[in-house]
Amino acid sequence: MVEELVAAGGTLVAAGAVYVMAAARVVKQYERGVVFRLGRLRPEVRGPGFTMIVPFVDRLQKVNMQVVTMPVPAQEGITRDNVTVRVDAVVYFKVTGAAEAVVRVEDYRFAVSQMAQTSLRSIIGKSELDDLLSNREKLNQGLELMIDSPAVEWGVTIDRVEIKDVSLPETMKRSMARQAEADRERRARVINADAELQASKKLAEAAQQMADTPAALQLRLLQTVVAVAAEKNSTLVLPFPVELLRFLEKAQQQLPPTTGGSNSGQG
């Protein structure tokens, strides 16, 4: 009798151990457990830690609650100003409703991926090329709103959406390069013209000053001669100043008459 009781007790212990092993589940810190009992969703969502289910009756499905980084494949489209571009992006999202993510959509990752691709093509068609290149923050916000609206019903929250790269055709790249080069050339010409204007004003002031003081012109001429004479491999042609001729003419007029002429007059 005792042996039978011991055997029965051992059997119960073994059955209990098997039951515990079949019913025991461990949910990690970043996961939540959704329980289906005979196919029906249980209202409570199992939190992280050790939990028990009814073997062969309950089914525990774990849902990852971490932020998911999903790259969006490059989408080709035509912008509003008729430019063909390829744009790729990245979506950051996380599950906030574990039960909704399991029940309301078959595969929430695939659904978010398809919605992101569709929204990206829609954004390309509504935007101009300059917006895609320089105003990405506004486009990122628009993408986030377009993806987040249906994702909320799936228990998914879009954290961020970022446009990574915008690929342009080679012809468009060359056109933009020519445009930038022309703009730089225009600014260079404006700067040169402004410099010429300032230089002409300074030269006009210098000419006015030299006109009031003729000797200054001679000094400037001598400075130019000295500067040119420093180059020994050049031939210097020095113009004869008109002021020097006038000086000699005045000196000639101030000379006294010769004595020979006066004696011949007396004779």
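**Figure 1. Helix H5 and its length in the predicted model.** In this predicted model, helix H5 runs through residues 136–151, and because a helix is expected to advance 1.5 Å a residue, its 16 residues should span 22 Å. The C-alpha atoms at the two ends of H5 are 22 Å apart, which agrees with that expectation.

**Figure 2. The buried and exposed sides of helix H5.** The residues of H5 that count as buried are Leu 139, Asn 140, Leu 143, Ile 147 and Ala 151. When H5 is seen down its axis, these buried residues fall within an arc of 105 degrees, so they line one face of the helix. On the other side of H5 the exposed residues are Glu 137, Lys 138, Leu 145 and Ser 149. The buried residues of H5 pack against two strands and two helices, namely strand S7 (84–95), strand S8 (156–167), helix H3 (108–126) and helix H4 (129–134).

**Figure 3. Ser 127, a buried residue in the loop between H3 and H4.** Ser 127 is found in the loop that lies between H3 and H4, and with a relative accessible area of 5% this residue is buried, because buried means under 20%. If residues up to four places away in sequence are not counted, Ser 127 touches Thr 79, Arg 80, Leu 132 and Leu 139. Among these contacts, Leu 139 is also one of the buried residues of H5.

**Figure 4. The salt bridge between Arg 80 and Glu 128.** Arg 80 forms a salt bridge with Glu 128, and the closest N and O atoms of the pair are 3.5 Å apart. Arg 80 lies in the loop between strand S6 (68–78) and S7, whereas Glu 128 lies in the loop between H3 and H4, so the pair ties together parts that are 48 residues apart in sequence. Arg 80 is exposed, with a relative accessible area of 52%, while Glu 128 is partly exposed, with a relative accessible area of 31%.

**Figure 5. The salt bridge between Arg 37 and Asp 58.** In this pair, which forms a salt bridge, the closest N and O atoms are 2.6 Å apart. Arg 37 belongs to strand S2 (residues 31–37) and Asp 58 to strand S5 (residues 58–64), so the salt bridge ties together parts that are 21 residues apart in sequence. Arg 37 counts as partly exposed at 29% relative accessibility, whereas Asp 58 is buried, with a relative accessible area of 8%.

**Figure 6. The open sheet that contains S2 and S5.** Three strands make up an open sheet in the order S3-S2-S5, and their pairing is antiparallel. Strand S3 (40–46) and S5 are the edge strands, each of which pairs on one side only, and the twist from one strand to the next averages 25 degrees. S2 and S3 pair in the antiparallel sense over four bridges, and Val 34 has Val 45 in S3 as its bridge partner.

**Figure 7. Further salt bridges in the structure.** A search of the whole structure finds eight salt bridges. One of them joins the side chains of Glu 162 and Arg 160, with a distance of 3.0 Å from N to O. Both residues of this pair are partly exposed, Glu 162 with a relative accessible area of 25% and Arg 160 at 42% relative accessibility. Elsewhere, Asp 183, Arg 186 and Arg 187 are linked in a network of salt bridges.

Terms used: Residues numbered from 1 in each chain as written. Predicted model: local features only at pLDDT ≥ 70, side-chain atom pairs only at ≥ 80, totals over all residues. Heavy atoms only, no water. Expected span 1.5 Å × (residues − 1). Buried < 20%, exposed > 50% of the residue type's maximum accessible area, 1.4 Å probe, protein only. Arc of directions from axis to C-beta. Contact = heavy atoms within 4.5 Å. Salt bridge = Lys/Arg side-chain N within 4 Å of Asp/Glu carboxyl O. Pairing = 2+ DSSP bridges. Axes fitted to C-alpha atoms, helices over the stretch in contact; angles between N-to-C directions.
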